[in-house]
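Trainee: Hi, do you have a moment to go through a fold with me? I'd like to start with the strands and work outwards.

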Amino acid sequence: MRIVVTGASGFIGSAVVEELVGHGHEVIGLVRSREAAEHLNAIGAAAVRGSVEDTRLLRTAADRADAVVHTAFFHKFSHAGLPTRLRIALGGNPRKAAARFMAAATGADRRAIETFGAALSDRQGALVIAMPTMTLGPGRLGTEEDGGDPESVGGGRVVSEKALLAQAEQGVRASLVRLPPIVYGQGDRGGLLPSLIRIARTRQASAYIDKGTNRWPAVHRLDAARLFRMAVEQGNTGARFHAIAEEGLPFAQIAEAIGRQGNLPVRSLGADQAAAHFGWLGSFAAADNPVSGALTQKRLGWTAAQPGLLDELKQGYYFTE
C-alpha cells in the first residue's frame with residue numbers, strides 16, 4: 001500500500017514509518033525540516049515537507065495514496081505556522097491564549113481529517129488517526145466501545161474523533177488508535193513521562209497526589225506502531241483501537257520509579273499543591289484513566305511484545321538523555 005504518514009519525524013510517527021516500511025509498504029512522510037526529510041529518505045521512505053495546516057498539500061499527498069496515518073498535532077506553540085501563532089498571541093486577552101491555542105490546534109486537526117477523508121472517500125481508502133485515551137470519561141475502565149467525553153481532561157480533542165467518524169459515513173475506512181498518556185521508549189523527549197522527570201528534577205522531588213491511586217495506562221512506542229500498521233491493513237470502518245499494554249499503573253508507582261532512578265525523594269501532595277508542583281501537567285497528574293485493550297487484542301490479534309514501563313525505566317536511559 002502507498003501510505004501517507006503525518007508527524008513522520010515525531011516520537012510515535014517515526015516508529016510508525018519504520019514499521020510500515022519494514023512490512024513492505026510505500027511510505028510518504030510529512031515533515032517540517034530538511035533534516036527530518038533526509039532521515040526518512042535514509043530509511044526507505046519518501047518525504048514531503050510542509051505543515052498539517054496546508055490543506056492543499058495534504059490533499060495532493062492523499063490523492064496519490066491508499067491510506068493515511070495521521071499522528072501529527074500541535075502539542076507546542078512552535079508547531080503552528082507563523083500566521084496562526086500571531087493570531088493566538090495577538091488575538092485578545094493574554095489569559096485566554098491557551099484556549100486560543102487549543103482551538104487553533106483542534107481546528108487544524110479537524111480540517112486535516114476532513115481533507116484526507118475527501119481524498120480517500122472515492123476509493124474507500126483507510127484513514128487512521130491518533131487519539132489520546134485521556135479523552136475518555138474518568139474513573140472507570142474505558143473500552144473501545146466508549147466514545148470520547150468532551151468533559152474529560154483531554155476533551156478538547158473529541159472534535160477530531162467526531163470528524164473522523166463523519167468520514168466513515170462518507171465511505172472512508174476510518175478508524176482511530178487511542179494512545180495512553182505514557183508512550184515510552186528510546187528517543188522519548190517530548191512526552192508526558194520525560195515531562196514528569198524534568199519536573200521532578202526541577203522540584204527536587206518526585207510526587208503524586210493524595211494516595212496516588214489514580215491510574216495511567218502505558219505502551220511501548222514499538223508496540224503502538226505495530227497497532228497502527230494493523231489498523232491500516234485490517235481495521236474496520238468506524239473502529240476504535242486501544243494501544244494498551246498496561247491498563248492502569250497507579251500514579252504513585254510511576255512517581256516512585258522516577259524517584260528511584262533519579263535518586264530523588266518521593267512525596268505525596270495535597271490536591272491544592274498539584275498546580276504549583278506539576279504546572280500545566282497538574283490536571284493530567286490527577287486524572288484517573290484506566291483503559292482496556294481487550295477488544296483490540298481480540299479483533300486484531302495485537303498484543304504487546306516490549307517490556308513493561310517499570311522494567312523499561314530500570315534501563316536508565318530516561319535519566320541520562
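Trainee: Which residue in β4 is the bridge partner of I3?

Mentor: That's A67. Keep in mind that this is a predicted model.

Trainee: Okay, and how do β1 and β4 pair?

Mentor: Strand β1, residues 2–6, runs parallel to β4, and four bridges link the two. Further along the pair, V5 is opposite V69 of β4.

Trainee: What does β4 have on its other side, and how many bridges join β4 to β5?

Mentor: There are four, and β4 and β5 (residues 126–132) run parallel as well. A67 turns up again here, with A126 as its bridge partner in β5.

Trainee: Which way do the β4 side chains point, and are they buried or exposed?

Mentor: A67 and V69 point to one side of the strand, V68 and H70 to the other, and all of them are buried.

Trainee: Zooming out, what is the strand order of the seven-stranded sheet?

Mentor: Reading across, the order is β3-β2-β1-β4-β5-β6-β10, in an open sheet with parallel pairing. The edges are β3 (46–49) and β10 (239–242), and each has a single partner strand, so one side of each has no neighbour in the sheet. On average, neighbouring strands are turned by 20° against each other, ignoring direction.

Trainee: Which helices go with it? Start with α2: which strands does it lie across?

Mentor: Helix α2, residues 34–42, lies across β2 (26–31) and β3, and runs at about 165° to β3. Then there's α6, which packs on the sheet and touches β5, β6 (173–179) and β10. The direction of α6 makes about 155° with that of β6.

Trainee: Sticking with α6, what angle does α5 make with α6?

Mentor: About 10°, with the axes of α5 (residues 97–120) and α6 (residues 158–168) 9 Å apart. That angle is why α5 counts as roughly parallel to α6; the cut-off for that word is under 35 degrees.

Trainee: Which residues make that contact?

Mentor: From α5 you have T106, D109, R110, I113, E114, G117 and A118, and from α6 V159, S160, A163, L164 and Q167. They split into five nonpolar, four polar and three charged residues.

Trainee: New topic: the other sheet. What is the order of its three strands?

Mentor: The order is β7-β9-β11, again in an open sheet, with mixed pairing. β7 (182–184) and β11 (246–250) are at the edges, each with a single partner strand, so one side of each lacks a neighbour in the sheet. The twist from one strand to the next averages 40°.

Trainee: In what sense do β9 and β11 pair?

Mentor: Antiparallel, over three bridges, with β9 spanning residues 215–220. For a landmark, R215 has P250 as its bridge partner in β11.

Trainee: And what packs on that sheet?

Mentor: Helix α9 (residues 251–262) does, touching β7, β9 and β11, and its direction makes about 70° with that of β11. Helix α8 (residues 221–234) lies across β7 and β9, at about 75° to β9.

Trainee: Let's go inside. Which residues touch the most other members of the largest nonpolar core?

Mentor: V5, V16, V177, L179 and F228, out of 36 residues in that core. Helix α8 supplies the largest share, seven residues.

Trainee: What is F228 in contact with, skipping its neighbours in sequence?

Mentor: Beyond four places in sequence, F228 contacts I12, V16, V69, T71, V128, I129, A130, V177 and L179.

Trainee: I also noticed V17. Is it buried or exposed?

Mentor: V17 is in helix α1, residues 11–22. Its relative accessibility is 0%, so V17 counts as buried. Its contacts further off in sequence are V5, A8, V27, L40, I43 and A45. V17 and V69 are 52 residues apart in sequence, and their C-alpha atoms are 9.4 Å apart.

Trainee: Last one: which loop holds Q124?

Mentor: Q124 sits in the loop between α5 and β5. Its phi is near 55°, a positive value in a residue that isn't glycine. With 58% relative accessibility, Q124 counts as exposed. D210 is another to look at, in the loop between β8 (206–209) and β9. D210 has a positive phi of about 60° without being a glycine, and at 54% relative accessibility D210 counts as exposed.

Definitions and conventions:
Residues are numbered from 1 along each chain as its sequence is written. This is a predicted model: local features need pLDDT of at least 70, side-chain atom pairs count only at pLDDT 80 or more; totals for chains, interfaces and linings use all residues. Side-chain values use heavy atoms; hydrogens and water are left out. Axes are lines fitted to C-alpha atoms, for helices over the stretch in contact, and angles run from 0 to 180 degrees between N-to-C directions. Angles under 35 degrees count as roughly parallel, over 145 as roughly antiparallel, 65 to 115 as roughly perpendicular and the rest as oblique. Contact means heavy atoms within 4.5 Å. Ala, Val, Leu, Ile, Met, Phe, Trp, Tyr, Cys and Pro count as nonpolar, Asp, Glu, Lys and Arg as charged, and the others, Gly among them, as polar. Buried means under 20% relative accessible area, exposed over 50%, partly exposed in between (1.4 Å probe, protein chains only). Two strands pair if DSSP finds at least two bridges between them. A nonpolar core is a set of buried Ala, Val, Leu, Ile, Met, Phe, Trp, Tyr and Cys residues joined through side-chain atoms within 4.5 Å.
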